[in-house]
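Student: Got a minute to walk through this one with me? I'd like to get a feel for the fold before going into details.
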Amino acid sequence: MAQLLLRVWLNFVCLLYTAPQYTRSQDVFFGLKNYTEYRVGNMNMIITVPHGGDKLPTEIPNRDAGCWNSDSATCQFTHNCPAGSQKDSEKCKVSTLQDKYTLNVALNLAKEICALTGGYCPHIVINHLGRSKLDANREKEEATFGVLQAEIAWKEFMDFINKSKSQMGRGLLVDIHGQVHPEQWIELGYTLSKASLDSGRFTAAQSSIYQLSQEHREIPFETLLRGERSLGNFIEEQNGINKYICVPSPKNPGPSGGNYFPGGYITERFGSKKSGLVDGIQIELPRWIRENNERPKFCMALAKAMMNFWQTNYCNQSESKLVGC
């Protein structure tokens, strides 16, 4: 009976998202049991936080290693391994650690953008479940392990992003993450691998800001990705003592073989690489930037950098209908 009721709820949620659009920035929507949250904005920018949640409900079993099938050389992410497969924590490893303070970063960042623009605020989509229960930056199977409650939360999170995108034409999605790489730099992910960045062998069509490149065909893509009009450059311009180091940027065009996250499922799915008018950038922040002492200063700097990037690349078009310029 409980499973049936949850299925009914899922159908209700699907109907809910086809309702008329809301545009008032004070509107806030929650998913089932407040596992997901959507704060409606009034500008063409979305901030997503998939790994900042800390809710650990016992009704959702912890994600663990997937099941490795040696015959097909594939992983199946489920708690009960099918015949012919077994749990393998090396070949089918999953990440379960929270990206600490990323929710704080997202909320502080949005607040700073609202202040800078005189009241234009980004949409914010939040996953409140701990990553051991749901990884909202993965395909559904790996994200949920087939647990119905987690599947509902995953779908709500994705639908909230789609709903925010439906209220805009041209736009930008920024996916906030945390990392503990020893380089301690800010990693900006455009769905281009570190090998591609280091070698220079990539095209705009392979990136999550492909639409941006199409609207500025007169500008070399390198300039938008890691040149003077790149987000990395605008962040580093906020430096007084060069403490915010970005990859890619004019000074650091690639990781030079170092650690680097190129962007995950959200950037791949919701950026403009495959379709649509909304670009996507994943921002991976080192721990020291996310902690209490540095976070307020960094969020102010990031907000200024993002709005400089925004106004330079998105709001200078004569036919642009974007707000918050």
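Student: How many helices and strands are in the chain?
Tutor: The chain has eleven helices and eleven strands. Keep in mind that this is a predicted model.
Student: OK. And what share of the residues count as buried?
Tutor: Of the chain's 325 residues, 54% are buried. As for contacts with a separation of 6 or more, 72% of them are between residues 24 or more positions apart.
Student: Which residues touch the most other members in the largest nonpolar core?
Tutor: That core has 52 residues, and the ones touching the most other members are Ile186, Leu188, Leu231, Ile235, Ile281 and Ile283. Helix H11, residues 295–313, gives the core its largest share, with ten residues.
Student: Is there a second core, or just the one, and what does it include?
Tutor: There's a separate second core, made of 24 residues, with Tyr35, Val40, Ile60 and Phe160 among them.
Student: Back to Ile186. What is it in contact with, leaving aside neighbours within four places in sequence?
Tutor: Quite a list: Ile235, Tyr244, Ile245, Cys246, Val247, Ile283, Glu284, Leu285, Pro286, Ile289 and Phe298.
Student: Val247 is on that list. What kind of peptide bond joins Val247 and Pro248?
Tutor: A cis one, with omega at about 0 degrees. Pro248 sits in the loop that runs between strand S10 (246–247) and helix H9 (265–270).
Student: Now H11. Which helix is Ala303 in, and is Ala303 buried or exposed?
Tutor: Ala303 is in helix H11. Its relative accessibility is 0%, so Ala303 counts as buried; the cut-off for that is under 20%.
Student: What does Ala303 touch, not counting residues up to four places away in sequence?
Tutor: Leu109, Glu112, Ile113 and Leu116. Take Leu116: Ala303 and Leu116 are 187 residues apart in sequence, yet their C-alpha atoms are 7.9 Å apart in space.
Student: How do H2 and H11 pack, then?
Tutor: Helix H2, residues 102–117, packs on H11 at an angle of about 50 degrees, and the two axes are 8 Å apart. That angle makes H2 oblique to H11, because it falls outside the ranges for roughly parallel (under 35 degrees), roughly perpendicular (65 to 115) and roughly antiparallel (over 145).
Student: And is the crossing left-handed or right-handed?
Tutor: Right-handed, as H2 passes H11.
Student: Which residues meet there?
Tutor: From H2 you have Asn104, Val105, Asn108, Leu109, Glu112, Ile113, Leu116 and Thr117. They meet Arg295, Cys299, Met300, Leu302, Ala303, Lys304, Met306 and Met307 of H11. By type, the residues of this contact are ten nonpolar, three polar and three charged.
Student: Different topic: backbone oddities. What's up with phi at Phe145?
Tutor: Phe145 isn't a glycine, but its phi is positive, about 55 degrees. You'll find Phe145 in the loop between helix H3 (140–144) and helix H4 (148–166).
Student: And Gln184, what phi does that one have?
Tutor: Also a positive value, about 60 degrees, and Gln184 is not a glycine either. Gln184 lies in the loop from strand S8 (171–179) to strand S9 (186–189).
Student: Why does Phe145 count as buried, and why is Gln184 only called partly exposed?
Tutor: Phe145 has a relative accessible area of 2%, so it is buried. Gln184 has 46%, which means it is partly exposed: exposed would need over 50%, and buried under 20%.

Methods. Residues are numbered from 1 along each chain as its sequence is written. This is a predicted model: local features need pLDDT of at least 70, side-chain atom pairs count only at pLDDT 80 or more; totals for chains, interfaces and linings use all residues. Side-chain values use heavy atoms; hydrogens and water are left out. A nonpolar core is a set of buried Ala, Val, Leu, Ile, Met, Phe, Trp, Tyr and Cys residues joined through side-chain atoms within 4.5 Å. Buried means under 20% relative accessible area, exposed over 50%, partly exposed in between (1.4 Å probe, protein chains only). Helices (H or I, at least four residues) and strands (E, at least two) are DSSP runs, numbered from the N terminus. Contact means heavy atoms within 4.5 Å. Axes are lines fitted to C-alpha atoms, for helices over the stretch in contact, and angles run from 0 to 180 degrees between N-to-C directions. A crossing is left-handed if the near helix is turned anticlockwise from the far one by less than a right angle, and right-handed if clockwise. Ala, Val, Leu, Ile, Met, Phe, Trp, Tyr, Cys and Pro count as nonpolar, Asp, Glu, Lys and Arg as charged, and the others, Gly among them, as polar.
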